[in-house]
Structure formats: C-alpha cells, structure tokens
Amino acid sequence: MTDAVAAVAGFKKTQVRVERFARTLRLWMTAGPGLFWIILFLLIPSGTLLGIAFLTNSDFGSPVLPLSLGSFSQVAGYGILGWSGANFTTLLRSLLQAGVATIMTILLAYPLVFFIITRPANLRPILLLFAILPSWTNQVVRTYAWMELLSPHAPLARLAQDLGIIPPHLGLMPGNFAVLVGLTYNYLPYMVVPLYAAAEKLDWTLVEAGRDLYASGAKLFFNTVFPQTLPGLLSGIILVGIPAFGDYVVPQLLGGDRAMMLGSLIAGQFTFSPDWPYGAALTLIMLAFTCAGLIVFRRLTQKLGGGEEAML
Amino acid sequence: MSAIPRRIQRGLLGISLPVYLLLYTPLLIIAVFSFTPSLGHPGMNVAAYGEMLNDPQVMAALRRSLTLALSSAVLGTLLGTLMGFGLSRYRPAKGGGFWVGTLPSLIIYLPIIMPSLVFGISEMIFFNFVHQYTGLLSAGLLTMGIAHVTFQAPYVALVVYARLAGLDPNLFEASHDLYANPFKSFVYLTIPVVRPALIGGFLLAITLSIDDFTISFFTAGPGSVTLPIYIYGAIARKGSSPEINAIGTLMIATVVGVALLYYFVSRHRERSNRIPAVA
C-alpha cells in the first residue's frame, strides 16, 4: 500500500519535473533567438567597449596593450598640458541641461495632460496622438527645424534682437539656450505619455473630498492630484532625463563648441581624433550616471508601489 | 471631470494651445521654407521638390532607408513576437529565479535603456573587430540592419507581452484539453489574439527604424547613406537649403499620414467590432 503511494508520488514528481523541463525548453526555443541576438549584438559589444577603457591608446587611436588606467586620468582632466576642468564642465553641463529640460517637460506636460483628460472621452485619444505625433518624425529633421526657427533671419531671433536680448544679426543658436529648447522639444512626448496614463486613472473623489475639507488651489493639487500622478511623473523623469543626458544629435546641431555635452565629447573620440580608450572611459562615466539615475528612480517607484502588471 | 473649476479649465486651455503650437511650429516652418527661401519672400514655388526628385543621391538614400526599415522590421517583429510570447507563456508566473525570471527581462530592457550613442559606438567597434578578424560584416546596410533589429525586437516584445498579459491563461488550458499541440495552439489561438499587437509592433518597428539617426550613423558604411544621414551630412556641409526642407517635409508628411491612417483604421475596426458585441 505505502509502496504504491510512494510509486505514485514518485511518478507525479517525475511528471512535474518533465513538464518543467518541457516548459523551460519551450521558453528557450521561443525567447531564445531574440535574447541570443541581443546578447551577441549588444551585450558583448558594449562589454568590449567597456573593456577598451582599460587599454592604452596607440598612435593611430586604436587600443593596444598594456592594461592601464591612463584613460581614466584623462577623463579626470589630466593631459599632456596639465590639469584642465573642461571635462568636469562638460559633465556638469550635461547633467544641468538634462535636469532643466526634464523640469521644462514637467511644467509643459502637466497642463497639457490635464487639458486632455478634461475633454470628452472620444476626443482624448486624438488629442494625445497630436501631442506625441511630432516625436515620430526623424530626430535630425526635428532638430534641423529648430535650427531654422532659431536662425538669425527667423522671426523669433528678430524679436530677441529687437528686445535687445541678443546682439543684432545673431541668431538664438548655437548655444546652451538652443540645446535646452531642442532637448525639451524632443523629449516632451516622453513625459506626456506616462503622465497621461497615470492621470487617466485618477480618482476624482479624493479631489472632491479635499474640496469638502476646504482645501483649494496649490494645497488641493499637491495633496490629492499630485500623489496620484507621481508614479507616472517618475517614469516620465526616467524617460526624459536619461536620453536627454546622453543625447548626441541636439547638442551637435544646436550647441556648438561652448555648449558641448558628454555625447559629443564621446563621439569625438571615435571619429575625428580617435582615442578609443579615452572615449570608452567617458562612456563608462555616462553609463554610471545612467544606471545611478535608473536605480534611484526605480527604488522610488517601488516605494510608491507603482502598478507594473503588464510589464515584462 | 467637473472636479476642475471653470477658471482652471480655462487656464489649462490657455497653456495647452501654445504647447500644441510649439509642437507643430518647427514642422510647419520646414514646410514653409520648402516652398520659399525666406519668410516674406515674394512667390512660392515647388522648385525644391523637383530638385529633390532629380537628385540621384537623395533617391538612392530614400531607397536604402525604405529597404532598411522594411527588412529590419520583419526580422525585428519575428524575434520580438517570439520573445514576448515565450516569456508570457512559458515563464513561471512568480519568480523563476535569476536565470529564467530576471535575466531575460534585463536583456530585453538593455537596448531600451542604453543611450543610443553608447549603443551605436559599441556596435561600430564590434563590427569593426569582427570585420578585421573574419572579413565578414563590413559596415553597410547589413550592419545597420543588425543594429536596427537589436532595438526593434525588445519594443515589439513589450507590445506583444502587454497584449498577452491581459489574456485569460485558461484559454491555453482549454486548447490543450482539446488536444491542440503547442504549435497548433500557437497558430489558431496565439496568432489571432496577438494580431493587433503584431501589426502595431511591426509599424512601431518601421517607425523606430526611420526615426533613428544616432545608431544608424555609427553603424553605416560609406555606401549606405540613408535619408537621415544624408540630411545630417548636408546640414553639416552647407547649412539649410530648400532641398533639405523639401526632404524633411516629405518625411514629416509620411509619418503624420501613416499615423493618422493607422489611428482611424484601428478606431473604425474597434467600432465595427463593438456593435455586434452590444447587440
């Protein structure tokens, strides 16, 4: 009797094991090729790039042995001519531009999103579509459009010239201001979409309750509306801040030398004046800041208990 | 929605209209400058468009862009759909440990969160090394395509996964009980269910490919100048010109047109699906 029970239990256990094995096999058969593709064509290449940071630069800009940390002292600003703070300035400028651009997108996205969700339900999707449509055009075209708009002969620059903000015959670009405008324009939809997703599920009874308790204005907003949109806001900050920090096209086209950001500095080490180890070390810095930002905001989101049911 | 007082609603409108204006002014400026060299210049003409159509470099770049977008989107959608399907269907609901649970998600999110500059330069160096040691994969449309598939597949996987996540797992049990093997239930159950996600994912993959500049720029070779790379080079060489404005206008018009078409077709279908369900 007990033998039979044990046999059945053993059989069941084997069956479970076989099923689990079949399941894992199917997982690797379906998800495997795509995962393998990403590992081969992105994980290994980026690992290689980071490895190059610890090599030495040859005369031709290609990396050679021996291993060294020379590229990192270059990053810290030590060169043949002694120490220079240029890299720190560039890093600070990138952080600042990304930060201010993120704040700008928040300030523009909140009214826009609340305008959309207070429209009739059948109008909302098309209004949202119109808010994100420009971001589907090519980034070079979008940025080039701002070059046209901020150039000396365009009305915007003429107005600034007349107001005495900039000297006559000069445009509003290239410069830090143009880069900020370009970044804000480029990444605004990335703030609008997660904010909209959060605001659409907003529980308005809390707002009513707040009003019944005689809260109004800013107090009402920050106590009832803001906490409910916070998960969306945090996703938006990640989606805007990280790519803005590492952006290449906008500072390249709208920035010029005095508005250089980390992206252009890195790209320069792989194109015009090759120094791969130095470029790779700079890349490592960029990735470190990216990861730090991601981890901080992910922790915050988890603390708030953001819903991620449909997330992988 | 009555929770928002009229005064604030007016304020929202007052800020939102300028924001919409801000979103479209740059695009409109390009279109205007494609017909006239400067504002207030007398006379509009379509000379720039003729110039564009007769420029063999532009036409070749356009052909390359379309070839790249379509072929990479096919492979990207295939790999992405399989990933989204496999992970939603065969991964244990809770946990699954590091190798089965966490690692696949990390790998899929890698191309999405990696700054595109780092993405592009990594691949450039990798292809460079591979070419140096094996003679394969010289920089060109092929290497660009490989890079594009790498960022398209994860997005498609997310779209397909989101679609399947809302699905009752009992449906698969039912098909299993009715003696469908995994292949049959994939063809007769999964494909019809994920079809909207499949079409959406494919269009997304095309948009991502056409939209990209940075990754293309670093993986391109001398013979694989696509439209965005051509525009970038032309801006760097000679600044703005009516011809660039004409190309830009056509690119904007195409994206806007396709997006609106997709929006209205999908809404129409949604509506015609809904009526019998109500009746």
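What follows is a chat about a predicted model and how its chains A and B meet.

Trainee: Before I get going, what kind of model is this?
Mentor: It's a predicted model.

Trainee: Okay. How many residues does each chain put into the contact?
Mentor: Chain B brings 76 residues and chain A brings 68 residues.

Trainee: Which helices of chain B supply at least two residues each to the side that touches chain A?
Mentor: There's a list of them, including α1 (6-35), α3 (56-90), α4 (97-113) and α5 (116-134). Further along chain B, α6 (141-165), α8 (182-211), α10 (227-238) and α11 (242-278) each do so too.

Trainee: And which one gives the most?
Mentor: That's α1(B), with 15 residues on the side of chain B that touches chain A.

Trainee: What's that side like by class?
Mentor: On the side of chain B that touches chain A, 59 residues are nonpolar, 14 are polar and three are charged.

Trainee: Let's zoom in on α1(B). How do the axes of α5 of chain A and α1(B) cross?
Mentor: Helix α5 of chain A covers residues 139-150, and its axis comes within 8 Å of the axis of α1(B), with a crossing of roughly 75 degrees. Angles of 65 to 115 degrees count as roughly perpendicular, so α5(A) is roughly perpendicular to α1(B).

Trainee: Which residues meet there?
Mentor: From α5(A) you have A:Arg142, A:Ala145, A:Trp146, A:Glu148 and A:Leu149. In α1(B), they meet B:Thr25, B:Pro26, B:Leu27, B:Ile29, B:Ile30 and B:Phe33.

Trainee: And by class?
Mentor: The contact of α5(A) with α1(B) has eight nonpolar residues, one polar and two charged.

Trainee: Now α1 of chain A. At what angle do that helix and α4(B) pack?
Mentor: About 40 degrees, with the axes of α1(A), residues 2-52, and α4(B) 10 Å apart. The two helices are therefore oblique to each other.

Trainee: Is the crossing of α1(A) and α4(B) left-handed or right-handed?
Mentor: Left-handed.

Trainee: Who's touching whom in that pair?
Mentor: On the α1(A) side there are A:Thr24, A:Leu27, A:Ala31, A:Leu35, A:Ile38, A:Ile39, A:Leu42 and A:Leu43. Across from them, α4(B) offers B:Val100, B:Pro104, B:Ile107, B:Leu110 and B:Pro111. By class, the contact of α1(A) with α4(B) has twelve nonpolar residues, one polar and no charged ones.

Trainee: Changing topic: how is chain A divided into domains?
Mentor: Into domain 1 (2-47) and domain 2 (85-304). Taken over C-alpha atoms, the centres of those two domains of chain A are 42 Å apart.

Trainee: I clicked on A:Gly256. Where is that?
Mentor: A:Gly256 sits in the loop between α10 (249-255) and α11 (262-268) of chain A. Leaving aside neighbours within four places in sequence, A:Gly256 is in contact with A:Pro174 and A:Gly175.

Trainee: Why does A:Gly256 count as partly exposed?
Mentor: Because 16 other C-beta atoms lie within 10 Å of A:Gly256, and partly exposed falls between 12 or fewer for exposed and 20 or more for buried.

Trainee: What about A:Ser58?
Mentor: A:Ser58 is in the loop between β1 (56-57) and β2 (63-64) of chain A. With 14 C-beta neighbours inside 10 Å, A:Ser58 counts as partly exposed. A:Ser58 and A:Arg258 are 200 residues apart in sequence, and 29 Å apart in space from C-alpha to C-alpha.

Trainee: One last thing: what's the phi of B:Leu137?
Mentor: Near 55 degrees, which is a positive value in a residue other than glycine. B:Leu137 lies in the loop between α5 and α6 of chain B.

Definitions and conventions: Residues are numbered from 1 along each chain as its sequence is written. Chains are lettered from A and ligands numbered from 1 in the order in which they are written. This is a predicted model: local features need pLDDT of at least 70, side-chain atom pairs count only at pLDDT 80 or more; totals for chains, interfaces and linings use all residues. Two residues are in contact if their C-beta atoms, placed from the backbone, lie within 7 Å. Helices (H or I, at least four residues) and strands (E, at least two) are DSSP runs, numbered from the N terminus. Ala, Val, Leu, Ile, Met, Phe, Trp, Tyr, Cys and Pro count as nonpolar, Asp, Glu, Lys and Arg as charged, and the others, Gly among them, as polar. Axes are lines fitted to C-alpha atoms, for helices over the stretch in contact, and angles run from 0 to 180 degrees between N-to-C directions. Angles under 35 degrees count as roughly parallel, over 145 as roughly antiparallel, 65 to 115 as roughly perpendicular and the rest as oblique. Domain bounds come from an automatic or database domain assignment. A crossing is left-handed if the near helix is turned anticlockwise from the far one by less than a right angle, and right-handed if clockwise.
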